[in-house]
Amino acid sequence: MKNFDTVSLSFCSGSHDHGRCVKTALNAAEELCVSRGVRLTDARKRILKLVWDSHHPVGAYDVLSKLSQESGKTAPPTVYRALDFLLEQGLIHRIESLNAYVGCAHPAEEHAGLFLICNDCGCAAEVHDETIDLAILGKASDLGFKPEQRTLEVRGICPDCQSPQ
């Protein structure tokens with residue numbers, strides 16, 4: 001497919017430099033927040049890092065548990081407010097079917113979140129494809145519909161979990 005832009009988040013393959021991936025995401029988040037005049041507080045940044053710590057979607061209570069282990073009891077509203085902020089800024093996506101969050105690989109761009117989610121290991125990869133995004137917006141416009149959120153989820157088996165042919 002010539003318009004199939006890129007798989008932005010790698011599946012959990014050993015060849016993926018996840019440390020670089022997380023560092024790039026956090027730096028991009030800081031720059032984006034500064035340019036928008038919003039604060040990426042230490043708590044928000046820590047929660048963003050916890051979401052980015054793997055390419056497995058993470059639930060709010062998983063984030064809460066990790067924060068509590070690190071710094072003592074953390075109140076659920078603290079995590080939910082931070083997640084809401086990160087969603088509003090486009091720094092993370094919510095995967096509805098899993099009630100979980102993943103980092104956004106294209107936070108500065110308006111786009112639909114298209115996710116390939118492995119049924120076996122649970123990894124998720126965000127795919128950025130302008131053709132699909134424009135098709136959704138075009139069809140919605142044809143029907144007079146104004147989309148407020150665009151997240152597509154495709155389930156299957158990642159390359160690492162597929163049995164050799």
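Hi everyone, let me start with one residue: Asn 99 has a relative accessibility of 46%, and because the partly exposed class covers what lies between 20% and 50%, that is where Asn 99 belongs. Asn 99 sits in the loop between β2 and β3. What caught my eye is its backbone: phi is positive, about 50°, although Asn 99 is not a glycine. As a reminder, most residues other than glycine have a negative phi. Please keep in mind throughout that this is a predicted model.

Now let me step back to the whole chain. How many helices and strands are there in the chain? We have 5 helices and 6 strands. Reading from the N terminus, the order is β-α-α-α-α-β-β-β-β-α-β. The chain has 165 residues, and 36% of them count as buried. If you take the contacts with a separation of 6 or more, 59% come from residues 24 or more positions apart. On the outside, the chain exposes about 9700 Å², with carbon and sulfur atoms supplying 52% of that area.

Let's go inside, starting with helix α2, which covers residues 42–52. Its buried residues are Ile 47, Leu 48, Leu 50, Val 51 and Trp 52. What do the buried residues of α2 pack against? On the helical side, their partners are α1 (18–36), α3 (60–71) and α4 (76–88). On the strand side, they pack against β2 (92–95) and β3 (100–103).

Two of those α2 residues, Leu 48 and Trp 52, come up again in the lining of the largest cavity. A search of the whole structure turns up 1 cavity of 30 Å³ or more, and the volume of the largest cavity is about 40 Å³. Along with Leu 48 and Trp 52, the lining is made of Ala 25, Ala 28, Ala 29, Leu 91, Cys 104 and Pro 107. Both α1 and α2 supply at least two residues each, and α1 gives the most, with 3. By class, this lining has 8 nonpolar residues, no polar ones and no charged ones.

Next, please turn to the largest pocket, with a volume of about 420 Å³. Its lining has 20 residues, and those nearest the centre are Leu 87, Gly 90, His 93, Glu 110 and His 111. The elements that give two or more residues to this lining are α4 and β2. Which element gives the most to the lining of the largest pocket? That is β2, with 3 residues. So much for who contributes; here is the make-up by class. The pocket lining has 5 nonpolar, 8 polar and 7 charged residues, whereas the cavity lining has no polar and no charged residues.

I'd like to finish with one more histidine, His 128, which lies in strand β5 (residues 124–128). Is His 128 buried or exposed? His 128 counts as buried because its relative accessibility is 11%, and the cut-off for buried is under 20%. Its side chain has a polar partner too: there is a polar contact, at 3.1 Å, with the side chain of Glu 109.

To leave you with a pair to look at on screen: Asn 99 is partly exposed, while His 128 is buried. Thanks for listening, and I'm happy to take questions!

Conventions:
Residues numbered from 1 in each chain as written. Predicted model: local features only at pLDDT ≥ 70, side-chain atom pairs only at ≥ 80, totals over all residues. Heavy atoms only, no water. Helix = DSSP H or I, 4+ residues; strand = E, 2+ residues; numbered from the N terminus. Buried < 20%, exposed > 50% of the residue type's maximum accessible area, 1.4 Å probe, protein only. Polar contact = N/O pair within 3.5 Å; in protein donor to acceptor, adjacent residues only side chain to side chain. Contact = heavy atoms within 4.5 Å. Areas by Shrake-Rupley, 256 points an atom, 1.4 Å probe, with all protein chains shown as cover. 1 Å grid on protein atoms, 1.4 Å probe; cavity = no way out; pocket = protein on both sides within 12 Å on 5 of 7 lines; lining within 4 Å. Points joined across faces, edges and corners; volume = space filled by probe spheres on them. Nonpolar A, V, L, I, M, F, W, Y, C, P; charged D, E, K, R; others polar.
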